[in-house]
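Reader: Hello! I am new to this structure and would love a close look at a single part of it.

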Amino acid sequence: MTVKAYFQKQDQSTTSNELISSILDRTVTSISNTELNGLSIIGNRAFTEDYSLSSVNFPSVTSVDAYAFSGCSSLTSITFPSLVHIDYFSFQWCTELTSIDLPSISSIYFKAFYYCSKLASANLHSVVSIGADVFSSCPLLTSITINRQSGDVTGAPWGATNATIIWTG
């Protein structure tokens with residue numbers, strides 16, 4: 001995989017394109033903050049169509065930009081405990097992703113999980129805003145759990161035609 005994308009460190013010291021050389025010369029199937037220390041934003045198209053990537057673990061990432069993991073068809077597991085914002089089409093066509101648990105999420109934009117054909121459940125703890133069709137073409141999605149009062153987040157079921165929304169707030 002070649003990563004030539006915008007990454008921003010937590011200390012805000014850089015906002016320019018970087019080449020992450022520590023991962024260029026090998027096939028990456030799993031990646032975490034230990035390899036990209038201090039990462040807070042994953043930029044546009046950072047891992048787009050990386051067919052070998054199967055899991056990601058980014059404890060400090062707070063934002064995933066547009067198309068960041070789009071087409072990562074082997075991606076089965078994502079861990080983002082601090083993630084607040086997901087931009088449009090960020091995880092579209094991640095066809096092996098089966099569940100998501102985003103404890104800090106606040107906003108998810110248009111079609112972020114479009115055509116995640118094996119996605120069965122989504123736990124969106126503290127979400128405030130969900131864009132149109134975020135879960136469209138996710139035929140196996142049957143459960144979306146949100147820690148809010150019913151109606152606090154408008155637009156349900158956000159394209160998830162087979163899902164039950166569980167309001168726990």
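Reader: Which residue forms a salt bridge with Lys118, and how far apart are the closest N and O atoms?

Author: Happy to help! This is a predicted model, where local features need pLDDT of at least 70 and side-chain atom pairs count only at pLDDT 80 or more, while totals for chains, interfaces and linings use all residues. Residues are numbered from 1 along each chain as its sequence is written, and side-chain values use heavy atoms, with hydrogens and water left out.

The partner of Lys118 is Glu96, with the closest N and O atoms 3.1 Å apart. A salt bridge here is a side-chain nitrogen of Lys or Arg within 4 Å of a carboxyl oxygen of Asp or Glu, and by this rule the count comes to one. Lys118 sits in the loop between β10 (107-108) and β11 (121-123), and Glu96 in the loop between β8 (85-86) and β9 (99-101), so the pair ties together parts 22 residues apart in sequence. Strands are DSSP runs (E, at least two residues), numbered from the N terminus.

Lys118 is partly exposed at 38% relative accessibility, and Glu96 is partly exposed at 29%; the term covers values between buried (under 20% relative accessible area) and exposed (over 50%), using a 1.4 Å probe and protein chains only.

Strands β9 and β11 also belong to an open sheet of four strands, in the order β9-β11-β13-β14, with parallel pairing. Two strands pair if DSSP finds at least two bridges between them. β9 and β14 (164-167) stand at the edges with a single partner strand each, so one side of each has no neighbour in the sheet. Three bridges join β11 to the parallel strand β13 (residues 143-146); Asn123 has Thr145 in β13 as its bridge partner.
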